[in-house]
Number of protein chains: 2
Amino acid sequence: MHAALAALPQVLARLDADRTGALERWFEVLRLPSISAQPEHAADCRAAAGWFRDRLAEIGFTAGLRETGGHPVVLAQHAGPAGATSGGVPHLLFYGHYDVQPAEPLERWTTAPFAPSLAEGPYGPRAIARGAVDDKGQVMTWLEAFRAWHQAGGGLPVRVTVLIEGEEETGSPNLDPFLAAHRGELAADLAVISDTNMWDVDTPAITTRLRGLVYAEITLRAAARDLHSGLYGGAARNPINALTQILGQLHDDDGRVGLPGFYDAVRALPEAVAAQWQGLGFDEAGFLGGAGLATAAGERGRPVLEQLWARPTADINGIWGGYTGPGAKTVIPAEAHAKLSFRLVPDQDPAAIEAALRRFVTERLPADTTAEIRILGASPGIAVSTDTGWARAAQAALVAEFGRPAVLAGSGGSIPVVESLRRLLGIDTLLMGFGLDDDQVHGPNEKFELRCFHHGARAHVRLLSGLAAAGKLRG
Amino acid sequence: MHAALAALPQVLARLDADRTGALERWFEVLRLPSISAQPEHAADCRAAAGWFRDRLAEIGFTAGLRETGGHPVVLAQHAGPAGATSGGVPHLLFYGHYDVQPAEPLERWTTAPFAPSLAEGPYGPRAIARGAVDDKGQVMTWLEAFRAWHQAGGGLPVRVTVLIEGEEETGSPNLDPFLAAHRGELAADLAVISDTNMWDVDTPAITTRLRGLVYAEITLRAAARDLHSGLYGGAARNPINALTQILGQLHDDDGRVGLPGFYDAVRALPEAVAAQWQGLGFDEAGFLGGAGLATAAGERGRPVLEQLWARPTADINGIWGGYTGPGAKTVIPAEAHAKLSFRLVPDQDPAAIEAALRRFVTERLPADTTAEIRILGASPGIAVSTDTGWARAAQAALVAEFGRPAVLAGSGGSIPVVESLRRLLGIDTLLMGFGLDDDQVHGPNEKFELRCFHHGARAHVRLLSGLAAAGKLRG
C-alpha cells in the first residue's frame with residue numbers, strides 16, 4: 001500500500017480531532033477586513049497575507065510575501081515527501097485569494113461583517129462573516145488538510161505550491177504579470193482551486209465550466225456644473241436621463257443583450273450536455289425562491305441552469321448621480337455613473353465585448369454628452385475537460401468522502417485565474433469547492449456551513465492521498 | 001407731497017451709507033448651515049429662524065417663531081405709520097425662506113459653502129456661499145430696505161407682515177396648514193417675494209409666470225437580498241436594469257415626456273406672448289454656453305425661452321443603487337432608487353401628473369419587481385396678472401432704480417407658495433427678484449452680485465414709498 005494511503009485514516013482522524021482549533025484559525029483571519037477594492041484597507045490586506053504566510057510556514061512550507069503593483073501575493077512551496085523532486089510525485093498548485101468584497105450595505109448585516117460568529121442553520125452551525133466562504137473559508141479547507149498531513153501524516157504526500165493573491169475581488173490586475181514573471185517557481189502538474197459550490201449540502205461538485213467577465217465603469221458628462229432644474233430644466237441636457245436611456249436598451253423584450261454582435265461567438269449548448277443538466281432535476285422554483293424571486297428574468301424560454309451556466313448576461317451592478325440624500329433637490333447634475341458587467345461564455349472574446357459596449361454607448365450618446373468607459377476587469381469564459389486522470393482522482397476522493405459522485409457542474413461565476421493558469425503556465429485546474437448556493441457570497445450575512453467546511457477539508461486530505469498514490473499526473 | 005415720497009432720498013442715502021453693515025449681517029446668516037432636507041441640520045435651521053426674528057425685532061417688528069410639524073416659521077408684524085390700521089395704508093406680506101439646499105457635491109466648491117466670501121467678478125464683487133442668493137440674500141434685500149426705513153424714514157410707510165419659512169427647499173410640507181391656520185394674522189393686500197432673477201445685470205424683471213413641480217422618489221425592489229451576479233446573473237431580476245428600462249422611456253426621440261396624458265392640459269403659448277418673448281432677444285447660445293452646453297435638449301423645435309417658461313419637463317435629479325464605491329463589485333442589488341421631478345405649466349394638475357407617473361411605472365414593471373413611489377412635493381404652475389395698480393407701482397419703482405422698465409418674464413422654476421397664497425389667503429404675489437441666471441442656485445459656488453443686492457434693497461425702499469403714496473391697493 002502506498003504510504004499516502006496507509007496514512008489516510010490517521011490524517012483524517014487528526015482533522016476530526018482539531019475542529020475547534022481549525023475554527024479558531026479560520027475566525028482569526030476573518031477578523032481582518034482585507035477589502036482589496038478600498039484603499040483604506042491596504043494594511044488589512046497585507047495583514048491577511050502575512051497571516052496566511054505564517055500559517056504555511058508553521059506546517060513545513062517555505063513561505064513569503066511577494067510584492068506586486070498592488071496587494072502582495074503569498075507564495076509558498078512544500079517539497080513533498082523525500083525524493084519528490086526526482087519525479088513520480090505529483091506537483092499541485094493551490095490557488096486562493098485572501099481579499100474579500102466590500103461589506104456594504106452594512107445596515108443589512110445582522111452581525112458585524114468582520115466579527116465572525118456562529119449561528120444555527122438547517123444543517124447545523126454556520127459561520128457568518130464577510131469572507132466566511134469566499135475565499136478565506138474555502139482556502140482554510142485545504143490549509144487545514146495540509147496541517148493535518150503535516151501533523152499526522154509525516155508531511156505532505158505530494159509537492160505543493162501555494163499562491164494566495166489579494167486582488168481577486170478587484171479583477172486581479174497584477175496576477176497575470178506575476179504569473180508570467182514567476183513561471184519557474186509556479187510550474188506544477190495541476191492547479192487546485194476551492195472557490196466554487198457543491199451541488200447541494202449532500203452532493204459535491206466539480207465545476208467544469210466558468211463564465212468570463214467584462215466589468216466596466218461608465219461616466220456620462222454634460223453641463224460644466226450642476227444646474228437648477230427650475231432655471232435650466234427643459235433646455236439643459238441631463239446626464240442621468242441619458243444614462244437611463246442608454247442602459248435601458250441593454251436588453252430587448254426577450255431578455256437578450258442588445259450589444260451589437262454580442263451573441264456572435266456563443267455556441268448552442270450541445271444536446272448531450274443539455275440532457276445531462278436536465279437530468280440533475282434542478283429546482284428552478286426553489287433556487288429563485290431562495291432569493292425571494294419567482295420568475296426567471298433572463299433570456300426568454302431557456303432553463304435557469306442554461307441561463308446561469310451557458311448564456312452570457314449584462315447586469316448593472318451600481319448606478320449613481322445627482323442628489324441621493326434625504327428629501328428633494330431639484331438639480332440637473334453635471335455627470336452620472338454606472339458600473340456594469342457582462343458574464344461571458346467560452347468563445348466570446350472580452351476585447352470584442354468591450355468594443356461592442358463602446359460602440360453601443362457612443363451610438364446612443366445625445367448632444368452635449370461625453371462618455372468615459374473604464375474597463376475594470378476582463379476575462380474569457382472557460383471549459384475544462386473531465387476526462388483526465390486527475391479528474392478521476394478528484395471524483396474518487398469526493399465519492400469516498402460524500403458517499404456519492406460529484407456533479408459535473410457549470411458555474412455562472414468567473415474565476416479568471418483558471419484561464420490565466422492555462423494560458424501563462426500551461427496547466428489545467430481542478431475546481432473543487434464546498435460552498436452552497438445560498439451562502440450569500442458578496443452580499444450581507446455571507447456564511448459557510450461548518451458541515452461543508454469540514455467535509456471540504458477531509459476531501460482535500462483524501463485528494464492528496466489519492467493523487468500521491470496515483471503518481472505523476474499527465475493529463 | 002406724501003410723507004413716504006418726501007422721506008425717500010434720506011432712506012436711500014441711509015441704505016447707501018450702511019453697505020458694510022448690510023454685508024456683515026448678510027454673511028452672519030449665511031454662516032448658518034440651515035439645510036432643511038438634512039435632519040442633522042435641524043438646530044441650524046432653528047438658529048437661522050431665530051436670527052431673522054431678532055433682526056426684525058430690532059427694527060420695530062413684533063416678531064416671533066411659530067412651531068410647525070417641521071422647522072419653525074418666522075412671523076413678524078409691523079403696524080406701519082400711525083393710523084395705518086384704519087385703512088388707506090396698504091398692507092404687504094413679505095414671504096421668504098431661511099432654509100437652503102444641501103451643499104453637495106462639496107468637492108466642487110472652491111470655498112466652503114457656509115464660510116461666505118467675496119470674489120471679484122465681471123460686475124464687481126460677488127458673495128459666494130450656499131444661500132448667498134436663494135433665498136437668504138434676496139430676503140436681506142427687503143430686510144435692509146425695512147432697516148433703512150426704520151432708521152431714516154421714521155418707520156415703515158406701509159403695514160408689513162413678514163413670513164419666513166424653513167422648508168421651501170423640501171417642498172414646504174407644513175406651509176399650507178400654517179397659512180390656513182393663521183389666515184387672520186396673515187391677511188394682506190399683496191404678497192411680495194424676492195426669489196426670482198433679473199433679466200440681466202442691468203435690467204430688472206417682474207416674474208409673471210411660474211412652473212409648478214411634482215417631485216417623486218421611486219424605489220424598485222426585486223430579490224429579498226443582494227445577489228452575486230456570478231451565481232444569479234442571467235436568471236435573477238436586477239432592479240437597476242429595470243429602473244433604467246422604465247426611466248429610459250421618460251422621453252421620446254423628440255424630447256417629449258412620455259407619461260400618459262402629460263400634455264393634455266398644456267395650452268399653446270398665445271401668439272402675442274410668443275412675440276413678446278421673441279422680442280427680448282434672448283441669447284440662446286450664450287445661455288446654454290454659460291453652462292457648458294451647445295444644444296437645447298428639450299422638446300424639439302421650440303425656442304429655449306418657451307422650453308424654460310412655458311413647457312413642462314421631466315428630469316431625474318438623483319439615482320442610486322448597487323455598489324457605488326471604488327473598484328468592481330459584481331452584485332445584483334435588492335433595490336434601486338431615483339428621485340425625479342416634473343416641472344408643470346399652468347392648468348396641469350399635479351395630482352393628475354402623479355397618477356400618470358404611477359401608471360407609467362406600474363405598466364412597465366417587470367416580474368418580481370415592486371415599485372414604491374413617494375411624492376415629496378406637488379404644486380401647480382401659475383400665471384399672475386400684470387394689469388393691476390400694484391404691478392404698475394412695482395414697475396415704477398424698478399424704472400426709477402434701474403433707469404429702464406422691468407421685463408415681464410416667465411420663470412422655469414417653481415414657487416409653490418404663490419399658488420398657496422392665492423388659494424388659501426386670496427392674495428396675489430409680486431415676484432420681484434434680483435438674482436442672475438448664472439448665480440448657480442442649488443449648485444456649487446452659489447453667488448449673488450453685490451451690485452444686484454444693493455439695487456434690490458434700493459428698489460424695495462422705492463417700492464414701499466410708491467405703494468404708500470398710492471394708498472390702499474385694490475387689484
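In which hand does helix 3 of chain A pass helix 5 of chain A? The crossing is right-handed, and you'll find the residues behind it further down. Keep in mind that this is a predicted model. The tour below starts with a sheet of 8 strands with members from chains A and B, moves on to helix pairs, and ends with some backbone oddities.

**The sheet with strands from both chains**

- Reading across, the strand order is 14(A)-9(A)-13(A)-11(A)-11(B)-13(B)-9(B)-14(B), in an open sheet with antiparallel pairing.
- Strand 14 (370–379) of chain A and strand 14 (370–379) of chain B sit at the edges with a single partner strand each, so one side of each has no neighbour in the sheet.
- On average, neighbouring strands here are turned by 20 degrees against each other, ignoring direction.
- Zooming in on chain B, strand 11 (residues 313–322) and strand 13 (residues 335–344) are joined by 8 bridges in the antiparallel sense. Within that pairing, B:A314 has B:F342 of strand 13 of chain B as its bridge partner.
- Helix 9 (residues 239–247) of chain A packs on this sheet. In chain A, helix 9 touches strand 9 (212–221), strand 11 (313–322) and strand 13 (335–344), and it also touches strand 11 of chain B. The direction of helix 9 makes about 70 degrees with that of strand 11 of chain B.

**A smaller set of strands in chain B**

- Chain B also has an open sheet of 3 strands, in the order 15-8-16, and here the pairing is mixed.
- Strand 15 (382–383) and strand 16 (407–410) of chain B are the edge strands, each pairing on one side only.
- Strand 8 (residues 205–210) and strand 16 of chain B run parallel, joined by 4 bridges. B:A205 stands opposite B:V407 of strand 16 of chain B.

**Helix 16 of chain B and its partners**

- Helix 14 (residues 389–402) of chain B meets helix 16 (residues 450–470) of chain B with axes that come within 8 Å and cross at roughly 135 degrees. That angle makes helix 14 of chain B oblique to helix 16 of chain B, and the crossing is right-handed.
- On the helix 14 side of chain B, the contact uses B:W390, B:A393, B:A394, B:A397, B:L398, B:A400, B:E401 and B:F402. Helix 16 of chain B answers with B:H455, B:R458, B:A459, B:R462, B:L463 and B:L467.
- By class, the residues of that contact split into 10 nonpolar, 1 polar and 3 charged.
- Helix 5 (residues 136–152) of chain B also comes within 8 Å of helix 16 of chain B, axis to axis, crossing at roughly 50 degrees. Helix 5 of chain B is oblique to helix 16 of chain B as a result, and this crossing is right-handed.
- Helix 5 of chain B brings B:G137, B:M140, B:T141, B:W142, B:E144, B:A145, B:F146 and B:W149 to the contact. From helix 16 of chain B come B:F453, B:G456, B:A457, B:H460, B:V461, B:L464 and B:S465.
- The class count for the contact of helix 5 with helix 16 of chain B is 9 nonpolar, 5 polar and 1 charged.

**Salt bridges**

- Over all chains, the count comes to 68 salt bridges.
- One of the pairs is B:D16 with B:R458, whose closest N and O atoms are 2.9 Å apart. It links distant parts of the chain, with B:D16 in helix 2 (residues 8–17) of chain B and B:R458 in helix 16 of chain B, 442 residues apart.

**Back to the opening helix pair**

- The axes of helix 3 (residues 19–30) and helix 5 (residues 136–152) of chain A come within 10 Å and cross at roughly 140 degrees. The two helices of chain A are therefore oblique to each other.
- Helix 3 of chain A makes the contact through A:A22, A:R25, A:W26, A:V29 and A:L30, and helix 5 of chain A through A:K136, A:G137, A:M140, A:E144 and A:R147.
- That contact holds 5 nonpolar, 1 polar and 4 charged residues.

**Backbone oddities**

- Most residues other than glycine have a negative phi, and most peptide bonds are trans.
- The bond from A:E104 to A:P105 is cis, with omega near 0 degrees, and A:P105 is in the loop between strand 3 (91–97) and strand 4 (117–121) of chain A.
- In chain B, the peptide bond from B:E104 to B:P105 is cis too, with omega near 0 degrees. B:P105 lies in the loop between strand 3 (91–97) and strand 4 (117–121) of chain B.
- A:H442 has a positive phi, near 75 degrees. Look for A:H442 in the loop between strand 17 (429–432) and strand 18 (447–449) of chain A.

Definitions and conventions:
Residues numbered from 1 in each chain as written. Chains lettered and ligands numbered in written order. Predicted model: local features only at pLDDT ≥ 70, side-chain atom pairs only at ≥ 80, totals over all residues. Heavy atoms only, no water. Pairing = 2+ DSSP bridges. Axes fitted to C-alpha atoms, helices over the stretch in contact; angles between N-to-C directions. Contact = heavy atoms within 4.5 Å. Parallel < 35°, antiparallel > 145°, perpendicular 65-115°, else oblique. Left-handed = near helix turned anticlockwise from the far one by under 90°. Nonpolar A, V, L, I, M, F, W, Y, C, P; charged D, E, K, R; others polar. Salt bridge = Lys/Arg side-chain N within 4 Å of Asp/Glu carboxyl O.
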